[in-house]
Amino acid sequence: DKLVIEERPVPRPHAGEVLICMHASPINPSDLAFLRGVYFKKNLPVVPGIEGSGTVVAAGGGLFGRMLVGRRVACTAPNEGDGTWAEYLVTPAQNCMPLRRSISLEHGAMLVVNPLTAWSLLAMAKRARAIVQTAAAGALGKMIVRLARQRGLVTINIVRREEQVATLRALGAEHVLNSSDADFETRLFEICRAEDARLAFDAVGGEMSGKLLSALSNGGRLIIYGGLANQPCVIDPRMFIVAGKSVEGFHLGRAMRHLRVGQRLNMVRHIQRALGRELQSDIQARVPFAEAVQAIPQYTQNMSTGKVLLM
């Protein structure tokens, strides 16, 4: 309720930065967490928005920045300063990824947060036979289902509503559990034991984190990458002491900083090839900036339906 739409002068890029005429930017769960003040912090007032797409129209200096002028790019916001929910964005040139001709600007706007996260999480499952995931009906969850199928991994998927069960089974998910069912914990434990699941990806937190870790086989590993429950994780300490299980966090920005430039570009190339298949994102609405404030509750109430793009 603190968001407003306002006119500002077009920003100017400095050395190492580019100016992008934005085409589209999605609303992601991470954007909602930022708006609530429970994610990373920026000095206020500030323009929100983590990722988007557009055309580079100017560079402030630097070889890579000059090479990007005139190119269509996927981009992320700078660590400090305004984000992507704007008609123009200034960001470091290294935050830009040139788009292949086959990738539309709409789908390029959703290239970073979910696809890179799904790809990075699955890279942690090289030795796994089965994986468990929460928020499985969301865009990221569906990507993990498709990628896992391609790689021969069994997925145990947790959703909150019965209609989401049918959606995931239509994608070919082997196991889909509704966390609202009375026997949810019993079934989760039984399936994890039958599939010898030792790895879980959790976007929820709260009590769900403890339920996941309890269900994993001894030596299991829980990776938490989101906090949709907006509550502290509740975990039985015996899981660490007796069962030898572990918990760690995943943050995409931190993971990307640990990659060399060549590794990052190689990953983006693979992801662009898979954007229309395993890493496809559904779009539920395209909203002009004049209606941007109203678009946030629209997405919040229907997150599993698809992304809302601010155009």
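## Lysine 142 and its contacts

Leaving aside neighbours within four places in sequence, which residues is lysine 142 in contact with? In this predicted model, the list is Ala136, Ala137, Thr167, Leu168, Leu171, Asp282 and Ser304. Lysine 142 is found in helix H5, and with a relative accessible area of 8% it counts as buried, because the cut-off for that word is under 20%.

One of those partners, Leu168, leads us to helix H6, where Leu168 is itself buried.

## Helix H6 and its buried face

Which residues of H6 are buried? They are Gln164, Val165 and Leu168. Seen down the helix axis, the buried residues of H6 fall within an arc of 110°, so they line one face of the helix. There is a simple background to this: an α-helix has 3.6 residues a turn, so residues three or four places apart point the same way.

What do these buried residues pack against? Their partners are helix H5 (139-150) and the strands S7 and S8. Just after H6, glycine 172 takes a positive phi of about 100°.

## The sheet beneath

Now for the strands. Six of them form an open sheet in the order S8-S7-S6-S9-S10-S11, and the pairing is parallel. At the edges sit S8 (175-178) and S11 (246-249), each of which pairs on one side only. From one strand to the next, the twist averages 20°. Helix H6 (residues 162-170) packs on this sheet, touching S7 and S8, and its direction makes about 170° with that of S8.

For a closer view, take S6 (residues 130-133) and S7 (residues 154-159): these two strands run parallel and are joined by four bridges. Valine 132 has isoleucine 156 in S7 as its bridge partner. As general background, strands of a sheet pair through backbone hydrogen bonds, either parallel or antiparallel.

## Serine 209 in helix H8

Our last stop is serine 209, which has its place in helix H8 (residues 207-215). Is serine 209 buried or exposed? Its relative accessibility is 0%, so serine 209 counts as buried.

Not counting residues up to four places away in sequence, serine 209 touches Asp202, Leu222, Ile224, Cys233 and Ile235. With aspartate 202 there is also a polar contact between the side chains, at 2.6 Å. To relate this site to H6, consider glutamine 164: serine 209 and glutamine 164 are 45 residues apart in sequence, and their C-alpha atoms are 20 Å apart in space.

Terms used. Residues numbered from 1 in each chain as written. Predicted model: local features only at pLDDT ≥ 70, side-chain atom pairs only at ≥ 80, totals over all residues. Heavy atoms only, no water. Pairing = 2+ DSSP bridges. Axes fitted to C-alpha atoms, helices over the stretch in contact; angles between N-to-C directions. Contact = heavy atoms within 4.5 Å. Buried < 20%, exposed > 50% of the residue type's maximum accessible area, 1.4 Å probe, protein only. Polar contact = N/O pair within 3.5 Å; in protein donor to acceptor, adjacent residues only side chain to side chain. Arc of directions from axis to C-beta.
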